[in-house]
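Colleague: Got a minute to walk me through this one? I'd like to start with the charged side chains and then wander.

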Amino acid sequence: MNRLAVIFPGIGYNFDRPLLHFAEKQALHYGYEIRHVTYSGFDKKGMRGNAQKMKSAFQLAMEQTERQLADVSWDKYERIVFISKSIGTVAAAHYAERHGIAAVQILFTPFPETFEGAAIDQGLAFHARTDPWMDDGETVRAAEEAGVSMICYPEGNHSLETGDVIRDIDTLADVFRRTEELYRE
């Protein structure tokens, strides 16, 4: 079976950080070919809470995603998983919608904009209720309205981390127990 996992990072959250590192290892374990999308050129200063800067960042991420995935022959894959973090969730969901790709979506700390106008038929989202980058209620409501299951952790930052190493490892274990079935179906 031809399988592809495309990994969409966050602006400051790259492929060697825990969520994406272990997601890639999990995909490789299940026989997926890996493709990375990378981003550059963001003006991070003052981005949090600035709707215009966030919108510009989403547009830049989409432009870079379009260029980097233009050569993929999607129809040769029997199963596609999009693994994304933060701003990458917006790019992954909207890219799949725009191109009619029936990808399973694994969404780490998605923004509400991730779910706007993007049909996600199969996937799972992960969110920390104390994530300073977004309004908890708005994010959860957007996922619910889109029909996407969201796992919410009571505490944690935008990386789902609390600063308590054992608790953070337990969170990672929970995340990857839950995502494992998405690779096998």
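Colleague: Asp71 first: buried or exposed?

Modeller: Exposed, because its relative accessibility is 56%. Keep in mind that this is a predicted model.

Colleague: And which residue does Asp71 form a salt bridge with?

Modeller: With Arg35; the closest N and O atoms are 2.7 Å apart. Asp71 sits in the loop between H2 and strand E3 (79-85) and Arg35 in strand E2, so the pair ties together parts that are 36 residues apart in sequence.

Colleague: How open is Arg35?

Modeller: Partly exposed, as its relative accessible area is 24%. The cut-off for buried is under 20%.

Colleague: How many salt bridges does the count come to?

Modeller: Four. One of them joins the side chains of Arg98 and Glu66, at 3.0 Å from N to O. That pair links distant parts of the chain, with Arg98 in helix H3 and Glu66 in helix H2, 32 residues apart. Arg98 counts as exposed, since its relative accessibility is 55%.

Colleague: What about Arg167, which side chain does it meet in a salt bridge?

Modeller: Glu155, at 2.6 Å from N to O. Arg167 is in helix H5 (residues 165-184), while Glu155 is in the loop between strand E6 (149-153) and H5, so this bridge ties together parts that are twelve residues apart in sequence.

Colleague: Where do those two fall on accessibility, Arg167 and then Glu155?

Modeller: Arg167 counts as partly exposed at 34% relative accessibility. Glu155 counts as partly exposed too, at 41%.

Colleague: Okay, switching to H2. What span should its residues give?

Modeller: Helix H2 covers residues 51-69, and at 1.5 Å a residue those 19 residues should span 27 Å. The end C-alpha atoms of H2 are 27 Å apart, which agrees.

Colleague: Which residues of H2 are buried?

Modeller: Met54, Ala57, Phe58, Ala61, Met62, Gln64, Thr65 and Leu69.

Colleague: And what covers them?

Modeller: The cover for the buried residues of H2 includes strand E1 (3-8), strand E2 (33-36) and helix H3 (87-99).

Colleague: Zooming out, how many helices and strands does the protein come to?

Modeller: Five helices and six strands. Going along the sequence, the pattern is β-α-β-α-β-α-β-β-α-β-α. As for overall packing, the radius of gyration is 15 Å, close to the 16 Å that the globule rule gives for 185 residues, so the protein is as compact as a globular protein of that length.

Colleague: What does the C-alpha trace span along its principal axes?

Modeller: About 40 × 35 × 30 Å. Buried residues make up 51% of the 185 residues.

Colleague: How many of the contacts come from residues 24 or more positions apart?

Modeller: They account for 66% of the contacts with a separation of 6 or more.

Colleague: Now the outside. What does the accessible surface come to?

Modeller: About 8,900 Å², and 46% of that belongs to carbon and sulfur atoms.

Colleague: Which residues make the nonpolar patch on the surface?

Modeller: Val165, Ile166 and Ile169, giving a patch of about 300 Å². Ile169 lies in helix H5, and Ile169 counts as partly exposed at 47% relative accessibility.

Colleague: Back to the loop after H2 for a sec. Where is Asp75, and is it buried or exposed?

Modeller: Asp75 is in the loop between H2 and E3. Asp75 is exposed, with a relative accessible area of 73%. In space, Asp75 and Ile101 are 8.9 Å apart from C-alpha to C-alpha, with their positions 26 residues apart in sequence.

Colleague: Last topic, backbone. Which residue in the loop between E3 and H3 has a positive phi?

Modeller: Ser86, whose phi is near 55 degrees. Most residues other than glycine have a negative phi. Ser86 is in the loop between E3 and H3, and Ser86 is buried, with a relative accessible area of 8%.

Colleague: And what's phi for Thr109?

Modeller: Near 50 degrees, again a positive value in a residue other than glycine. Thr109 is found in the loop between strand E4 (104-108) and strand E5 (123-128). Thr109 counts as buried because its relative accessible area is 0%.

Conventions:
Residues numbered from 1 in each chain as written. Predicted model: local features only at pLDDT ≥ 70, side-chain atom pairs only at ≥ 80, totals over all residues. Heavy atoms only, no water. Helix = DSSP H or I, 4+ residues; strand = E, 2+ residues; numbered from the N terminus. Expected span 1.5 Å × (residues − 1). Buried < 20%, exposed > 50% of the residue type's maximum accessible area, 1.4 Å probe, protein only. Contact = heavy atoms within 4.5 Å. Rg over C-alpha atoms; globule rule 2.2 N^0.38 Å. Areas by Shrake-Rupley, 256 points an atom, 1.4 Å probe, with all protein chains shown as cover. Patch = residues over 30% accessible without salt bridge, like charges linked within 9 Å, V, L, I, M, F, W, Y side chains within 5 Å.
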